[in-house]
Amino acid sequence: MISAFRLFFREWLYLLKRPRTLVIMIFIPIFVTCLCGSCYGKGYFSDLKMGVVDYSYSAKTREVVEAFRESPYFDIVGYYENEEQMELAMKNGEIVGCLIFPEDFTMNLQQGRQAQVLLGSNAVNMSYGSTINARGSEVLGTVSAQIAVKSLVAKGATVDDALAKMNPIGFYTRQWYNPTNNFGYFLSFGFIIATLQQVLIYFAAISLIREKESGNLKELRAMNPVIQVFAKTVVYYIIAMGTWAACTWLMINKYGIPMKASWDVWFAYSSLFVLAIITLGQFFSSILPNPVFATSLPLVLTSPSLVLSGYTWPTMALTSFYKKLAQVFPLTHFALGYRDMSLMGTGFEAIRQEMIVLGCISSICFVLSCFIWYIRVKLILKKEEKLEISVEKNEFPALTQ
């Protein structure tokens, strides 16, 4: 136990002597939390710049354009003579969407036929395309219904009869847990968790191999490898959980991102994720030859984990190979579950399977780290002893001569 405490405090001393290390471990996740909270604070796209090509140019087309202008999602920046000018403006970044009215638009309305209008978007950025399609369809649907109702009322129908005729099936929609389609709720968790993972695995991956460079292997030889790995795990667990708690506090109190789950669920789930990352980093530290490999390889391997986790792109759309590969990463078993826990208030029952997997990853990596590190320390020290003996045997004859 004395050796364990000595190693525990020595690890803290190492970090405190290098304040830049602590700054990276603590403040980079907090910085990303503030960045995501500020960037996505509005929660939705607004003032999307739209251009208009109006070959009909009448009061009816101006009514449609005015409806788009009044919507908070759109900003009508100007009219263009033809589609070529409109496309050039889109390429130059002046607009991200457009409305194109054909020549027969007004005539079709006047003669009781369906009038067509093209709602276009720059789908290079899929977020622009989906927002323009969804919100633009709402505006066009509303304007279309208003024009039809006005026409029926002018022919003597009541407003209620006109509405019933235009919409024989009335419906309304409701979105649970994120009713405003807030992008901050959707994206922030993943980016912050991924940042915490990358920072934590970077330092955990050099925690063991650093002892070789520091010349402390002889001291560690007499110490149980389980105690060695455990003492370092506790240090990084304390730092990571403190940092994650600060990030969570900022998300809730500064940026209004909810946490509907109970705090015991938050603590248990977060602890298992943090331990899985630390032990995975220590596993890399135990098998890789030097600190350069120990820090670079884990970062390369875990970089695509956010994509494979299903956080931004559903895993059902991945091929079977990548679905299986995604299960290796702790982030896969935390990011989605944490977002559900935060927004829906899910409890242990909903995330039980993910917690079991995280616990298994932690246990397996911890056992392998202890075993491999124990063997490696013995081999390194044995090699150094042989080298010392060979040097002594070569030196003594030279001294006697």
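**Figure 1. Helices α2 and α11 make a right-handed crossing.** This is a predicted model, and here we zoom in on two of its helices. Helix α2 covers residues 19-39 and helix α11 covers residues 225-254. Their axes come within 9 Å and cross at roughly 20°. Angles under 35 degrees count as roughly parallel, so α2 is roughly parallel to α11.

**Figure 2. Here's where α2 and α11 actually meet, residue by residue.** On the α2 side, look for Leu22, Met25, Ile26, Pro29, Ile30, Thr33 and Cys34. Their partners in α11 are Tyr236, Ile239, Thr243, Ala246, Cys247, Leu250 and Met251. Sort this contact by class and you get 12 nonpolar residues, two polar ones and no charged ones.

**Figure 3. The largest nonpolar core has 61 residues.** Which of its residues touch the most other members? They are Phe189, Ile193, Trp244, Tyr269, Phe273, Tyr338 and Met341. Several helices chip in at least two residues each, among them α1 (2-16), α8 (183-204), α12 (263-287) and α17 (348-400). Helices α2 and α11 from the earlier views also supply at least two each.

**Figure 4. Met341 and its contacts beyond the neighbours within four places in sequence.** Met341 is in contact with Met259, Lys260, Ala261, Val265, Trp266, Tyr269, Thr346 and Ile351. Tyr269 is another of the core residues that touch the most other members.

**Figure 5. A second core sits separate from the largest one.** This one has 19 residues, including Phe74, Ile76, Phe101 and Val143. Zooming back out, the protein chain has 17 helices and four strands, and 43% of its 401 residues count as buried.

How values were computed. Residues are numbered from 1 along each chain as its sequence is written. This is a predicted model: local features need pLDDT of at least 70, side-chain atom pairs count only at pLDDT 80 or more; totals for chains, interfaces and linings use all residues. Side-chain values use heavy atoms; hydrogens and water are left out. Axes are lines fitted to C-alpha atoms, for helices over the stretch in contact, and angles run from 0 to 180 degrees between N-to-C directions. Angles under 35 degrees count as roughly parallel, over 145 as roughly antiparallel, 65 to 115 as roughly perpendicular and the rest as oblique. A crossing is left-handed if the near helix is turned anticlockwise from the far one by less than a right angle, and right-handed if clockwise. Contact means heavy atoms within 4.5 Å. Ala, Val, Leu, Ile, Met, Phe, Trp, Tyr, Cys and Pro count as nonpolar, Asp, Glu, Lys and Arg as charged, and the others, Gly among them, as polar. A nonpolar core is a set of buried Ala, Val, Leu, Ile, Met, Phe, Trp, Tyr and Cys residues joined through side-chain atoms within 4.5 Å. Buried means under 20% relative accessible area, exposed over 50%, partly exposed in between (1.4 Å probe, protein chains only).
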